[in-house]
Amino acid sequence: KYTYVLTLGLLLATYSITAALEGSGELAVFVFGLIFANYRVINRVRERKIDMGMLTDRLSEFQDEISFLLNTLFFVFLGLTFQLDLREIVPTLVVASALVVILLGSRVVAVHVSTAQSELSKNRPEIVLLSAQGVTQATLAIIALERGLPLGNLFLTLVAYIIIITNLITTAASVWIRRRQGEAFSSFMASLQEEYAAKGGRAPG
């Protein structure tokens, strides 16, 4: 029942021992996870089979809980490190908005290229607008700040504004997509009722 706790302990021990030997702890735990996730491939060359399906499921559930907790705490930490300067809010917001425009422009190009001759081409506006930024960008900004890179504070401020703006865009786009889907469904039902009425039948629903 608690085998996954032992697995996590071995994972931490692997990281600690590798780091103590001046190795890459990150690479060590990556290899650990790689081997663990591909145990079925390893079973093909072993006489004694190992079944870790249940353990993998438990670890996946634990990962979901930890991911939610870390994401929440991470954005709390981002808010604590973000310092709002009323004198610089307008120029900084203008620069952040310009960067968001560049981001959306690059997404337009990337989406058109990646969905060429694909069924997803009809959903290009939705794909472009659902552009919320989050943990990855904030992580890079905090790393830059912690390492004392030049303009680290400005970089963190711009990233915070970009995260806020892109999430607002994604929220508005989600509302627009939902309304458009509702209108499309209503139009479909209306045409279906007209078709049934023309045939002298009764439309379903």
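This is a short talk on the pocket, the nonpolar cores and one buried polar site in this structure, which is a predicted model.

I'll start with the pocket. The largest one has a volume of about 550 Å³. It is lined by 18 residues, and those closest to its centre are Leu8, Leu11, Gly33, Leu59 and Gln63. Three helices each give two or more residues to that lining: α1, spanning 3-20, α2, spanning 25-37, and α4, spanning 53-81. The largest share comes from α4, with 8 residues. If you sort the lining by class, you get 11 nonpolar, 6 polar and 1 charged.

Next, the cores. As background, nonpolar side chains in soluble globular proteins tend to be buried together. In this model the largest nonpolar core has 9 residues: Phe82, Ala96, Val100, Leu104, Leu158, Ala160, Tyr161, Ile162 and Ile165. Two helices give two or more residues to this core, α5 at 89-114 and α8 at 152-198. Of these, α8 has the largest share, 5 residues. There is also a second, separate core of 8 residues, which includes Phe74, Leu78, Leu156 and Val159. Phe82, from the largest core, touches Leu156, Thr157, Ala160 and Tyr161, leaving out residues up to four places away in sequence. Leu156 in that list is a member of the second core.

Now the polar site, Thr166 and Gln133. Thr166 sits in helix α8, while Gln133 sits in the loop between α6, 124-129, and α7, 135-146. Is Thr166 buried or exposed? Thr166 counts as buried because its relative accessibility is 0%. Gln133 has a relative accessible area of 16%, so it is buried too, the cut-off being under 20%.

The two residues are 33 apart along the chain, and their C-alpha atoms are separated by 6.2 Å. What does the side chain of Thr166 reach at 3.2 Å? That is the backbone nitrogen of Gln133. On the helix side, a polar atom of the Thr166 side chain lies 2.7 Å from the backbone oxygen of Ile162, and Ile162 is one of the residues in the largest core.

Last, the surroundings, setting aside neighbours within four places in sequence. Thr166 is in contact with Val100, Leu103, Ser131, Ala132 and Gln133. Gln133 is in contact with Leu103, Ile162, Ile163, Thr166 and Asn167. Leu103 appears in both lists. Val100, on the Thr166 list, belongs to the largest core.

Methods:
Residues are numbered from 1 along each chain as its sequence is written. This is a predicted model: local features need pLDDT of at least 70, side-chain atom pairs count only at pLDDT 80 or more; totals for chains, interfaces and linings use all residues. Side-chain values use heavy atoms; hydrogens and water are left out. Helices (H or I, at least four residues) and strands (E, at least two) are DSSP runs, numbered from the N terminus. Buried means under 20% relative accessible area, exposed over 50%, partly exposed in between (1.4 Å probe, protein chains only). Contact means heavy atoms within 4.5 Å. On a 1 Å grid over the protein atoms alone, a cavity is a set of points where a 1.4 Å probe fits but cannot get out, and a pocket is an open set with protein on both sides within 12 Å along at least five of seven lines; lining residues have an atom within 4 Å of a point. Grid points are joined across faces, edges and corners, and a volume is the space filled by probe spheres set on the points. Ala, Val, Leu, Ile, Met, Phe, Trp, Tyr, Cys and Pro count as nonpolar, Asp, Glu, Lys and Arg as charged, and the others, Gly among them, as polar. A nonpolar core is a set of buried Ala, Val, Leu, Ile, Met, Phe, Trp, Tyr and Cys residues joined through side-chain atoms within 4.5 Å. A polar contact is a pair of N or O atoms within 3.5 Å; within protein, one must be able to donate a hydrogen and the other to accept it, and residues adjacent in sequence count only if both atoms are side-chain atoms.
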